Amino acid sequence: ADDNDAVDHVAVYVDDAIETTLSAMPYTYIWDTSQYADSTSQTRYAHAFDQAGNRSVSQTVTVLVVGGC
């Protein structure tokens, strides 16, 4: 996430539900897939907000959980 002034926070979504909110660079999140059944798919995307409340939405990706870890 990047902004001409500063990014305030990034919200990470899994299947249209907020999974976590990150407030410090590098906005890294490790996803624990152990709660998901093997061979299931989830959608993931993020919203980045600047200090003025402007929002940018990432591209949505679909991931397949294999073996859960």
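The following paragraphs describe the strand pairing around S3 and the loops that adjoin it, as they appear in a predicted model.

Strand S3, which covers residues 40-50, is mostly covered, since 8 of its 11 residues are buried. This strand pairs with several others. With S1, which spans residues 7-14, S3 pairs in the antiparallel sense over 7 bridges, and within this pairing Val12 stands opposite Ala46 of S3. With S5, made up of residues 61-65, S3 also pairs in the antiparallel sense, here over 5 bridges, and Thr43 has Thr62 in S5 as its bridge partner. A further antiparallel pairing, over 3 bridges, joins S3 to S4, which comprises residues 55-57, and in this case Ala48 stands opposite Ser56 of S4. S3 and S4 together form a hairpin with 4 residues between them, and Gly53, which lies in the turn, has a positive phi of about 90 degrees. As a general point, the side chains of a regular strand alternate between the two faces of the sheet.

The loop between S1 and S2, the latter being the strand of residues 17-22, contains Asp15. Although Asp15 is not a glycine, its phi is positive, at about 50 degrees. Asp15 has a relative accessible area of 37%, and is therefore classed as partly exposed. When neighbours within four places in sequence are left aside, Asp15 is in contact with Gln42 and Thr43. In the case of Thr43, the backbone nitrogen lies 2.8 Å from a polar atom of the Asp15 side chain. Thr43 thus appears both in this arrangement with Asp15 and in the bridge to Thr62 of S5. Asp15 and Thr60 are 45 residues apart along the chain, and their C-alpha atoms are separated by 9.9 Å.

The loop between S2 and S3 holds two further residues with backbone features that may be noted, namely Pro26 and Ser39. The peptide bond that leads from Met25 to Pro26 is cis, with omega near 15 degrees. Ser39 has a positive phi, near 65 degrees, and is likewise a residue other than glycine. With a relative accessible area of 53%, Ser39 is exposed, because the limit for that class is over 50%. The exposed Ser39 in the loop may be set beside the strand S3, of which 8 of 11 residues are buried.

How values were computed:
Residues numbered from 1 in each chain as written. Predicted model: local features only at pLDDT ≥ 70, side-chain atom pairs only at ≥ 80, totals over all residues. Heavy atoms only, no water. Helix = DSSP H or I, 4+ residues; strand = E, 2+ residues; numbered from the N terminus. Buried < 20%, exposed > 50% of the residue type's maximum accessible area, 1.4 Å probe, protein only. Contact = heavy atoms within 4.5 Å. Polar contact = N/O pair within 3.5 Å; in protein donor to acceptor, adjacent residues only side chain to side chain. Pairing = 2+ DSSP bridges.
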